[in-house]
Amino acid sequence: MSQTIAERLNQIRSNISTNVKLVAVSKYTTTEAIRAAYKAGIRDFGESRVQDAKIKQMELADLTDITWHMIGSLQSNKTRQAIAQFDWIQSLDRLRLAEQCDRLIQELGKSPKLLLQVKLAEDPHKSGWTESELLADLHQLEKLQNLNIVGLMSILPLGLNESQAYDVFSRVGELAAKLRSLGWSNIQELSMGMSADYAIAVKAGATMIRVGNQIFSGY
């Protein structure tokens with residue numbers, strides 16, 4: 001392998017400021033690779049499947065300061081497990097799921113940080129609120145007092161050029177600002193950008209990036 005995980009991480013860090021949180025997307029890699037990233041200073045790891053994450057969390061239980069992020073689409077029958085296992089759920093993508101989370105958080109007594117997944121460019125393969133849908137649902141979301149909503153998450157559709165990608169990311173930031181103006185002062189985090197486009201996302205105001213292939217490819 002031409003580069004170690006530590007070398008790859010250093011290269012990514014050289015392209016972002018220290019106030020941008022780097023979430024290492026570990027969903028396709030091994031616990032040994034996660035340990036290597038941990039040794040290189042990473043504490044935030046992203047997983048897409050609840051059951052796969054549970055196995056890794058058990059094998060890495062000695063690393064007590066890892067922060068686990070649920071970044072994949074969350075099925076309603078896995079919501080209870082996700083709330084119990086994850087510190088962040090980045091993929092809260094619909095009102096019905098938010099209502100379910102509200103009930104389960106109260107029941108379980110555990111409140112992960114939540115990001116609202118938004119879809120500001122047409123993409124039949126991605127879930128999430130459009131801007132108009134989210135604004136329409138705000139009144140109902142305000143009633144859910146157990147949710148710790150701290151920001152927005154977005155995934156770009158495939159095939160956008162750099163200018164188009166920057167435009168979509170910028171619109172996510174503009175939507176966050178609009179929500180703050182409407183009283184949602186906790187909307188501070190912008191989780192935007194993955195291996196192929198994180199540099200563009202950072203330019204557009206991302207506070208958090210989710211990078212997998214550039215860290216773990218080949219491991």
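## Serine 154

Serine 154 lies in strand 6 of this predicted model. The relative accessible area of serine 154 is 2%; because the cut-off for a buried residue is under 20%, serine 154 counts as buried.

The side chain of serine 154 comes within reach of the backbone oxygen of valine 118, at 3.4 Å. Leaving aside residues up to four places away in sequence, serine 154 touches Val118, Val172, Ser191, Met192 and Arg210.

## Strand 5 and the strands paired with it

Strand 5 spans residues 113–118. Of its 6 residues, 5 are buried, and the strand is mostly covered. Strand 5 is joined to strand 4 (residues 88–92) by 3 bridges, and to strand 6 (residues 148–154) by 6 bridges. Strands 4 and 5 run parallel, and strands 5 and 6 also run parallel.

Which residues does leucine 114 of strand 5 pair with? In strand 4, isoleucine 89 has leucine 114 as its bridge partner. In strand 6, the bridge partner of leucine 114 is isoleucine 149.

## Crossovers

From strand 5 the chain passes through helix 6 (residues 131–142) to reach strand 6, in a right-handed β-α-β crossover. A right-handed β-α-β unit is also formed by strand 4, helix 5 (residues 95–108) and strand 5.

## The buried side of helix 1

Helix 1 covers residues 5–13, and its buried residues are Ile5, Arg8, Leu9 and Ile12. Why do these residues line one face of the helix? Viewed down the axis of helix 1, they fall within an arc of 100 degrees, so they share one face. An α-helix has 3.6 residues a turn, so residues three or four places apart point the same way.

The buried residues of helix 1 pack against two strands and three helices by name: strand 1 (21–25), strand 8 (208–211), helix 2, helix 8 (198–203) and helix 9 (213–216).

## The buried side of helix 3

In helix 3 (residues 50–59), the buried residues include Val50, Ala53, Lys56 and Gln57. These residues are on the same side of helix 3, because the arc they cover around the axis is only 125 degrees.

What do the buried residues of helix 3 pack against? Their partners are helix 2 (31–39), strand 2 (44–47), strand 3 (67–70) and helix 4 (79–85). Helix 2 is thus a packing partner for the buried residues of helix 1 and for those of helix 3.

Terms used: Residues numbered from 1 in each chain as written. Predicted model: local features only at pLDDT ≥ 70, side-chain atom pairs only at ≥ 80, totals over all residues. Heavy atoms only, no water. Buried < 20%, exposed > 50% of the residue type's maximum accessible area, 1.4 Å probe, protein only. Helix = DSSP H or I, 4+ residues; strand = E, 2+ residues; numbered from the N terminus. Pairing = 2+ DSSP bridges. Right-handed = clockwise from strand over helix to strand, strands pointing away. Arc of directions from axis to C-beta. Contact = heavy atoms within 4.5 Å. Polar contact = N/O pair within 3.5 Å; in protein donor to acceptor, adjacent residues only side chain to side chain.
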